[in-house]
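Reader: I am new to this structure. Please take me through the terms used for it, one at a time.

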Amino acid sequence: GALGYLFKNVDEKELFDCIEAVHDNRHYITENKRNVLLDYERRKRNVDMGYAKINQNPLSNREVEIVKFIMQGKTNPEIADILFLSLRTVDTHRKNILSKLEINNAAALVKYASDNAPFLGLM
């Protein structure tokens, strides 16, 4: 039931900020840990929203490349021309991407990819 969490090497200002917050019955988490917890909450929220429950990027380099083109609004024939692939190959990659990420359509894929761009290697 702790309301506050600090590292032992925090500066005086952060120590007093934490004491004040806990005294006012508010939670306080040291700045260094806050980003870790925010990232955890973002991933948890993604799972709660039905996004894939994955710990590492399940997409191949080619699939990541195709996701980038999908995010740019390219159609499968356009992607096939750009990458010198058959339309059927692009269709298969697209189906595999949706399956791996447990997503049902391109709109959800674009949203998921935007929300998880660094994780998927899109940046």
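**Terms and values**

Author: Start with one pair: Arg 26 forms a salt bridge with Asp 24, and their closest N and O atoms are 3.5 Å apart. The model is predicted, so local features need pLDDT of at least 70 and side-chain atom pairs count only at pLDDT 80 or more, while totals for chains, interfaces and linings use all residues. Residues are numbered from 1 along each chain as its sequence is written, and side-chain values use heavy atoms, with hydrogens and water left out.

Reader: What makes Arg 26 and Asp 24 a salt bridge?

Author: The term asks for a side-chain nitrogen of Lys or Arg within 4 Å of a carboxyl oxygen of Asp or Glu. The closest N and O atoms of Arg 26 and Asp 24 are 3.5 Å apart, so the pair fits the definition. Side chains of opposite charge can pair when their charged atoms come close.

Reader: Why is Arg 26 called partly exposed?

Author: Buried means under 20% relative accessible area, exposed means over 50%, and partly exposed is in between (1.4 Å probe, protein chains only). Arg 26 has 41% relative accessibility, so it counts as partly exposed. Asp 24 has 44%, so it is partly exposed too.

Reader: How many salt bridges are found in the whole structure?

Author: Five. One of them joins Arg 62 to Glu 65, with the closest N and O atoms 3.0 Å apart. Both residues lie in helix 3, three residues apart, about one turn of the helix. Helices are DSSP runs of H or I with at least four residues, strands are runs of E with at least two, and both are numbered from the N terminus. Arg 62 has a relative accessible area of 29%, so it is partly exposed. Glu 65, at 30%, is therefore partly exposed as well.

Reader: Which salt bridge involves Glu 63?

Author: The side chains of Glu 63 and Lys 100 meet in one, at 2.8 Å, N to O. This pair links distant parts of the chain: Glu 63 is in helix 3, Lys 100 is in helix 5, and they are 37 residues apart.

Reader: How do you know whether Glu 63 is buried or exposed?

Author: Its relative accessibility is 4%, so Glu 63 counts as buried. Its partner Lys 100 has 34%, so Lys 100 counts as partly exposed.

Reader: What is Glu 63 in contact with?

Author: Contact means heavy atoms within 4.5 Å. Leaving aside neighbours within four places in sequence, Glu 63 is in contact with Pro 58, His 93, Asn 96, Ile 97 and Lys 100. A polar atom of the Glu 63 side chain also lies 2.8 Å from the backbone nitrogen of Ser 60.

Reader: What makes a nonpolar core, and which residues have the most contacts inside the largest one?

Author: A core is a set of buried Ala, Val, Leu, Ile, Met, Phe, Trp, Tyr and Cys residues joined through side-chain atoms within 4.5 Å. The largest has 21 residues, and Leu 101, Leu 109 and Leu 120 have the most contacts inside it. Helix 3 gives the most to this core, with five residues. Leu 109 touches, among others, Val 67, Ile 70 and Ile 97.

Reader: How many helices and strands are there in the protein chain?

Author: Seven helices and two strands. Along the sequence, the pattern is β-α-β-α-α-α-α-α-α. Buried residues make up 28% of the 123 residues in the chain.

Definitions and conventions:
Polar contact = N/O pair within 3.5 Å; in protein donor to acceptor, adjacent residues only side chain to side chain.
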